[in-house]
Amino acid sequence: MKKKYEPLFEPFTFNNGVQLKNKLVVAPITVYDSGSNGELTPTARNFWRDRFRGFGMFIMPFTNVAQSGVGFESPNAIDDANLPTLKEYTQLAHDQGAKIVMQIAHAGYKAKKWMTKGHPVVAPSGDRRGRARSMTGAEVKQMIDNFAHAAELGLKAGMDGVEIQGSNGWLIEQFFAANVNHRTDEWGGSFAARVKFSMAIIDAIDAVRKKYNRPDFIIGYRFSPERPYQGFTMKDTLALVDELVKKPLQYLHISLLGFYSHPRRGANRNLTRMQVYHDRIAGKLPLIGVGSLKTADQILDAYNTGWADLIAVGRAVMLNPDLIDLIKNDHEDQIETKFNWKNAAHYRYTPSMLQAERDHLDLAIHNPRPVRHN
Ligand SMILES: Cc1cc2nc3c(=O)[nH]c(=O)nc-3n(C[C@H](O)[C@H](O)[C@H](O)COP(=O)(O)O)c2cc1C
């Protein structure tokens, strides 16, 4: 390996003493392929096998905390029946020497009626198109318990922690976004009321790790920087970050398509978003940076900005099941940066991921059509 890459391979220690062997993280990647109860299918298993070799941590993709929140084919952490699958994910990561945190999530109004097995599609507020109805106060409290219970299942399955999915327009962000959340009770209205749902989820998961005396169980939080047309700007998420750093978390993870992207509204547009959050967090928690880092040098340059403590990669891991081996063995010039049908077998994509390539969908933005297994 070239000496310049060495800083990426130095260990990292979280504030609870847990150490990652290096600074490289597999970003959560939904593969749109699961059994009807969130089980690993042969094609999903084939995608994941051997893909974390050399990484410090694997963030398991969007994992449903309740049946009402299922929006695409994805794993479940709903009840004890899911434990064997969650254990299998744990083993997949641990066998390859990576820690695993499970991204716990709920799609809110973006759940699909035909995937919720009769459960109503719910959201902070019902929407005019009738896709979802407003949650009752009791349902909001139950949902917080569902997130905590999912974390408990992860802990029982031997996982190293959870990442709370607070980004990308899913349920937690729906509570945060003022133009989606029209509630007039304690969960809507002021900024403090709109962040109460996320804060309660963090506290409930912290209570789980206290119950099991597992301070080493990692809790991370993912957020999106801003949604110009959906009710919040960077000013709002900077205020959210101010609240998050007071919580017993181990890391923050920003959701970005471009590591070097600039704010649109609510922050200094001359700086990158990464720099703005880095400065605001001021070392209180580590920040995972991500976004279109496709080559070894792009990963290194991003790390060398000093804005991120850990670097996550998504699409580079999809196209290069052996990404870290290539860097370690001086073959970084062989890293693929574009999908090429000639090499499709090498990527080991699931049928839905291949379908998305045929449909020219950018999987980082769009959900593909489901492809049935025969
Ligand atoms: C196929 C695919 C699936 C994804 N699934 C998730 C997911 O389950 N949860 C999530 O937070 N982000 C998800 N993302 C976003 C990635 O984690 C990442 O933030 C994004 O792809 C940018 O990083 P990259 O340029 O390294 O891919 C997904 C992206 C892709 C391409």
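A residue is counted as buried when its relative accessible area is under 20%. In this predicted model, Phe52 has a relative accessible area of 1% and is therefore buried. The residue is situated in the loop that connects helix H1 (42–48) with strand E4 (57–64). When residues up to four places away in sequence are disregarded, Phe52 is in contact with Val26, Phe58, Leu92, Ala93, Gln96 and Ala98. Of these contacts, Val26 is separated from Phe52 by 26 residues in sequence, while the C-alpha to C-alpha separation in space is 7.1 Å.

Helix H8 (residues 296–304) likewise contributes buried residues, namely Ala296, Ile299, Leu300, Ala302 and Tyr303. These residues lie on the same side of H8, because the arc they cover around the axis is only 160 degrees. In an α-helix there are 3.6 residues a turn, so residues three or four places apart point the same way. The packing partners of the buried residues of H8 are strand E3 (24–26), strand E12 and helix H10 (323–328). Just after H8, Gly306 adopts a positive phi of about 80 degrees.

The largest pocket encloses about 1,400 Å³ of space. Its lining comprises 50 residues, and those nearest the centre are Asn168, Ser255, Leu257, Ala364 and Ile365. By residue class, the lining consists of 25 nonpolar, 14 polar and 11 charged residues. At least two lining residues come from each of strand E12 (310–313) and helix H9 (315–319). Helix H9 provides the largest share, three residues. Strand E12 thus appears both in the lining of the largest pocket and among the elements against which the buried residues of H8 pack.

Methods:
Residues numbered from 1 in each chain as written. Predicted model: local features only at pLDDT ≥ 70, side-chain atom pairs only at ≥ 80, totals over all residues. Heavy atoms only, no water. 1 Å grid on protein atoms, 1.4 Å probe; cavity = no way out; pocket = protein on both sides within 12 Å on 5 of 7 lines; lining within 4 Å. Points joined across faces, edges and corners; volume = space filled by probe spheres on them. Helix = DSSP H or I, 4+ residues; strand = E, 2+ residues; numbered from the N terminus. Nonpolar A, V, L, I, M, F, W, Y, C, P; charged D, E, K, R; others polar. Buried < 20%, exposed > 50% of the residue type's maximum accessible area, 1.4 Å probe, protein only. Arc of directions from axis to C-beta. Contact = heavy atoms within 4.5 Å.
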